[in-house]
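Colleague: I am new to reading protein models, and I would like a close look at one part of this one. Could you walk me through the binding site listed in the record and the pocket around there?

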Amino acid sequence: MELLYGPVRDYAWGSRSAIAALQGRPVPSEGPEAELWLGAHPGAPAAVERDGARVSLLDELTAEPERWLGRQVVNRFGARLPFLLKVLAADAPLSLQAHPDAKQARAGYATDEARPAGERNYVDPYHKPELLVALSPFEALCGFRDPAASARALAAFGVPALEPVVAALRTGPAGLRTAVRTLLTWPAEERAGLVAAVVAAPADGPDAELARALAAAYPADPGVLVALLLNHVRLVPGEAIWMPAGNLHAYLRGCGVEIMAASDNVLRGGLTPKRVDVDELLRVLRFEVLDEPVCRARPVGPGVDCWPVPVDDFALYRVTVGGEVPAAELPVIGPRVVLCVSGAVTVDDGTGVLTLDRGQAAVGTAAGGPLRISGSGEAYVASSGLR
C-alpha cells in the first residue's frame, strides 16, 4: 500500500468547508471544493510518489496494467481502473441527470463519434452506476416517487397551465413519460412565467419549499417542476442512495463518499445551463416508481459493512476499528483504494504497511493479498466487485 494524492475539483456548487476540514486544511477554503477524486480517471487522475515526485496513477496503470489491476480485472474491464472513488461536497444543487446502461452507452458512443463535440451525449462506451454514502446529513432527489403524490403536489400550486401534467400523473406510472416530456419541452418563452407562478402560489409544505429553493437558482428551468416528481431524500450519515442506469437523480446538499463506474456519460434533465437532449434522456430513463430509495449498510464481518449493488465494476466497504474490533480483514480482488475519514487506521495488504490519518488515502495493487485494517478510526475501501 502507498499514499494516494487526489486532486480536488473546484466546481461552483462545491463546499468551502467539507473537504478542507476532512483533510485538516484551513476552513473556509479559498474557493468552492466540490469533489476529491481518488482514482485513475483521465480527467483528473490521482497521484503516487516516485523518487520524491508525484506521478499520475493513470500513467502507472497504463505502464503496468496487470501488476496494478490483475488478470481478472483486465480480462473483465480492459486495462483501466473500472471504478472511481470520490468525496463529494455540495453546497448548491447539482443538475438533474441520468446515466445509460452498458448497452446504451456502447451504442450511443458509436453513434456520437461522428457528431460535433457540442452535440454528443456519450463520451465513452461505459455505463455509470453510482452509490453515494452520506458522511454528513445529505439531501438528494433519487428516482420517481408515486405519481399520485406528485399529482397532488403540482395541483396544490393551483396553476392552470399545469393541469395537463397533473392529469397525466393521475393515470399512474404510465403517465410519467408524458409528464416529464411536457415539462421539459415547455415553450422556452413561457418557462420563466411558469416557474414564477409556482413560486408565487400560496402552497405550503416540503414540495413548495423545494420548488422555491430550486427556483432561486434556476428561475426559468422546468427542471424545478420535474424535481417534484422524484423522491426527496434526506440521508443521515451511513445511509446511501443507489443510482442505477435510467434513474433520474440530483444531489442537493451535503457531503458523502461516492463510488461509480469510471465513465463520463451524463444525460441532463434540468437545473443546469448545459445542454438537455430531451429525446435521448427520455429514451434512457426508466419510468418506474422507486419505492425505497434509501440503502442501509449490511454487516459482512466484524467491523465491516457494505452496500451491495448489482454490478461488478466496484464494491464499497466501511471499516470501523478500535475498541472491541481492533482489526478487520477484507478479501478484496484487484486494485484497492482506502480513504480514512476519522481517527487513524493502519492498512496492510502483505506488500506494505501504511498508517493513514483522517483525510488521507492509500492505493494498493492486485498483487496484494487480503486487506487488513487496524487502529482506531473509520475508513472506506473501494475495490472491484469481482469475486
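Modeller: Happy to; we will start with the listed residues, go on to the pocket, and end with some charged pairs elsewhere.

Please keep in mind that this is a predicted model. The UniProt entry, which is unreviewed, lists Gln97, His99, Glu130 and His249 under "binding site". Written out along the chain, these residues span 153 positions, yet no two of their C-alpha atoms are more than 11.8 Å apart, so they gather at one spot. Three of the set, Gln97, Glu130 and His249, also belong to the lining of the largest pocket.

Let us take Glu130 by itself. You will find Glu130 in strand S8, which covers residues 130-134. Is Glu130 buried or exposed? With a relative accessible area of 2%, under the 20% limit, Glu130 counts as buried. Setting aside neighbours within four places in sequence, the contacts of Glu130 include two residues from the record's list, His99 and His249. Others that Glu130 touches are Ile241, Trp242, Met243, Tyr251, Glu258, Ile259 and Met260.

Now turn to His249, which sits in strand S12 (residues 249-261). His249 is buried as well, with a relative accessible area of 2%. Leaving out residues up to four places away in sequence, His249 touches Gln97, His99 and Glu130, and these three are also named in the UniProt list. His249 is in contact with Ser95, Leu96, Ala98, Leu141, Cys142 and Met243 too.

Next comes the pocket. Rolling a probe the size of a water molecule over the atoms shows where empty space is left. The largest pocket has a volume of about 910 Å³, and 37 residues line it. Nearest its centre lie Ser95, Gln97, Val266, Arg268 and Lys274. Of these, Gln97 appears in the UniProt list, while Ser95 is one of the contacts of His249.

Which strands help to build the lining? Strand S3 (35-38), strand S6 (83-90), S12 and strand S13 (267-270) each supply at least two residues. S12 gives the largest share, 4 residues, and S12 is the strand that holds His249. By type, the lining divides into 19 nonpolar, 7 polar and 11 charged residues.

Finally, a look at charged pairs. Side chains of opposite charge can pair when their charged atoms come close. The structure holds 17 salt bridges. One of them joins Glu2 and Arg50, at 2.6 Å from N to O. That pair links distant parts of the chain, with Glu2 in strand S1 (residues 2-4) and Arg50 in strand S4 (residues 47-50), 48 residues apart. Arg50 is partly exposed, at a relative accessible area of 25%.

Another salt bridge brings Arg318 and Asp305 together, at 2.8 Å from N to O. Here Arg318 belongs to strand S17 (residues 315-321) and Asp305 to strand S16 (residues 304-306), 13 residues apart. Both Arg318 and Asp305 are buried. Salt bridges that share partners also join Glu2, Arg50 and Glu60 into one network.

To return to your request, the listed residues gather at one spot, and Gln97, Glu130 and His249 from that set help to line the largest pocket.

Technical notes:
Residues numbered from 1 in each chain as written. Predicted model: local features only at pLDDT ≥ 70, side-chain atom pairs only at ≥ 80, totals over all residues. Heavy atoms only, no water. UniProt positions renumbered as here; feature names shortened; annotations may be inferred. 1 Å grid on protein atoms, 1.4 Å probe; cavity = no way out; pocket = protein on both sides within 12 Å on 5 of 7 lines; lining within 4 Å. Buried < 20%, exposed > 50% of the residue type's maximum accessible area, 1.4 Å probe, protein only. Contact = heavy atoms within 4.5 Å. Points joined across faces, edges and corners; volume = space filled by probe spheres on them. Nonpolar A, V, L, I, M, F, W, Y, C, P; charged D, E, K, R; others polar. Salt bridge = Lys/Arg side-chain N within 4 Å of Asp/Glu carboxyl O.
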